[in-house]
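I opened the model today and kept notes as I went. The entries below follow the order in which I looked things up.

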Amino acid sequence: MVDETGLDEHLADLAAEGRRSAVPMAAEEIRLRGDRRRRRKRAAQVSGGVLLAAAVAVGGASLVLPGPGPAPSVTDPTPSRSAPAFVPPTPAPGEEYAGETGYVYNATVLADGVRVTVRQLRTERGTAVPTGVVHEVTLSPQTPVEVEQAAGGKPGDMRLGELVDRLRGGPRWVFVLDYDGEGRVQSLREAYWLTAE
């Protein structure tokens with residue numbers, strides 16, 4: 001058995017020695033430390049508030065103040081005939097795709113895809129009528145295309161890369177381009193049922 005009395009005495013001696021060598025902090029020192037902490041905390045709060053106010057002021061000014069004016073023209077501006085701008089169609093609520101009908105032509109193979117020109121059409125009583133909107137779009141050669149007349153009268157599915165030769169010339173084939181909700185063309189469908197005006 002361990003001598004408990006010896007252990008107790010030894011622990012009591014250690015405690016007494018620790019009390020003798022340790023110097024307690026003076027009350028003034030404790031107050032100074034607390035004041036420093038409080039000042040640091042207030043300074044952090046004030047600087048955070050100032051930064052927030054500055055950010056709000058700069059953001060508000062950028063919204064309210066006009067930007068730089070248009071750059072001066074080197075030559076006299078000449079009036080130009082403005083064509084309607086192209087805006088990709090968006091699917092109706094509950095629909096996955098929205099369609100744009102138009103001639104697809106002038107196909108060019110690029111490093112990153114196939115660029116085609118689209119001359120937008122609208123349908124009036126089964127007849128395709130030009131809207132005046134013409135735009136270019138670059139698509140993947142793997143874009144699926146439903147064809148009939150463009151494939152010699154045989155209905156089927158092809159990839160855009162297989163149709164480049166047939167779409168190189170001027171406007172001949174009418175397609176419906178299917179746009180997703182992010183304005184990207186997902187597929188083309190030949191509109192063989194339309195007669196062009």
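**Entry 1: the core**

I started with the largest nonpolar core, which has 21 residues. Those with the most contacts inside it are Val104, Val116, Leu167, Phe175, Leu177 and Leu188. I note here that this is a predicted model.

Next I asked which strands supply this core with at least two residues each. The list I got is β1 (98-110), β2 (113-124), β3 (127-139), β4 (144-147), β6 (173-179) and β7 (185-190). The strand that gives the most is β6, with four residues.

I also found another core, lying apart from this one. That other core has seven residues, and Tyr103, Leu121, Ala128 and Val176 are among them.

I then picked Phe175 and listed its contacts, skipping neighbours within four places in sequence. On the list are Glu100, Thr101, Gly102 and Val104. Val145, Glu146, Val147 and Leu167 are there too. Leu188, Arg189, Glu190 and Ala191 complete the list for Phe175.

**Entry 2: strand β4**

I looked at the two faces of β4. Val145 and Val147 make up its covered face. Pro144 and Glu146 make up the uncovered one. I recalled the general rule that side chains in a regular strand alternate between the two faces of the sheet.

Which strands does β4 pair with, and in what sense? With β5 (residues 156-159) the pairing is antiparallel, over four bridges. In that pairing, Val145 stands opposite Met158 of β5. With β7 the pairing is parallel, over two bridges. There, Glu146 stands opposite Arg189 of β7.

**Entry 3: Arg189 and Asp178**

Arg189 had now come up twice, so I checked its side chain; its relative accessible area is 29%, which makes Arg189 partly exposed. I found a salt bridge between the side chains of Arg189 and Asp178, at 2.8 Å from N to O. Arg189 lies in β7 and Asp178 in β6, so the pair ties together parts that are 11 residues apart in sequence.

Is Asp178 buried or exposed? Asp178 counts as buried, because its relative accessibility is 6% and the cut-off for buried is under 20%.

**Entry 4: Arg184**

I moved to the loop between β6 and β7, where Arg184 has its place. Arg184 is partly exposed, because its relative accessible area of 45% falls between the 20% and 50% cut-offs.

Leaving aside neighbours within four places in sequence, I found Arg184 in contact with Asp178 and Tyr179. A polar contact of 2.9 Å joins the side chains of Arg184 and Glu182. Asp180, Glu182 and Arg184 are linked in a network of salt bridges.

I also took one distance from Arg184 to a residue elsewhere in the chain. The C-alpha atoms of Arg184 and Pro89 are separated by 9.7 Å. Along the chain, these two residues are 95 residues apart.

**Entry 5: other salt bridges**

How many salt bridges does a search of the whole structure find? I got seven.

One that I noted joins the side chains of Asp35 and Arg38, at 3.2 Å from N to O. Both residues lie in helix α2 (residues 27-64). They are three residues apart, about one turn of the helix. Asp35 counts as partly exposed, at 28% relative accessibility. Arg38 also counts as partly exposed, at 45%.

I noted another salt bridge between the side chains of Glu136 and Arg115, at 3.7 Å from N to O. Glu136 lies in β3 and Arg115 in β2, so the pair ties together parts that are 21 residues apart in sequence. Arg115 is partly exposed, with a relative accessible area of 29%.

**Entry 6: the whole chain**

I closed with the overall counts. The protein has two helices and eight strands. From the N terminus on, I read the elements as α-α-β-β-β-β-β-β-β-β.

Of the 197 residues, 24% count as buried. The protein exposes about 14,500 Å². Carbon and sulfur atoms supply 55% of that area.

I also looked at contacts between residues at least 6 apart in sequence. Of these, 47% join residues at least 24 apart.

Technical notes
Residues numbered from 1 in each chain as written. Predicted model: local features only at pLDDT ≥ 70, side-chain atom pairs only at ≥ 80, totals over all residues. Heavy atoms only, no water. Core = buried A, V, L, I, M, F, W, Y, C linked by side-chain atoms within 4.5 Å. Buried < 20%, exposed > 50% of the residue type's maximum accessible area, 1.4 Å probe, protein only. Contact = heavy atoms within 4.5 Å. Pairing = 2+ DSSP bridges. Polar contact = N/O pair within 3.5 Å; in protein donor to acceptor, adjacent residues only side chain to side chain. Areas by Shrake-Rupley, 256 points an atom, 1.4 Å probe, with all protein chains shown as cover. Salt bridge = Lys/Arg side-chain N within 4 Å of Asp/Glu carboxyl O.
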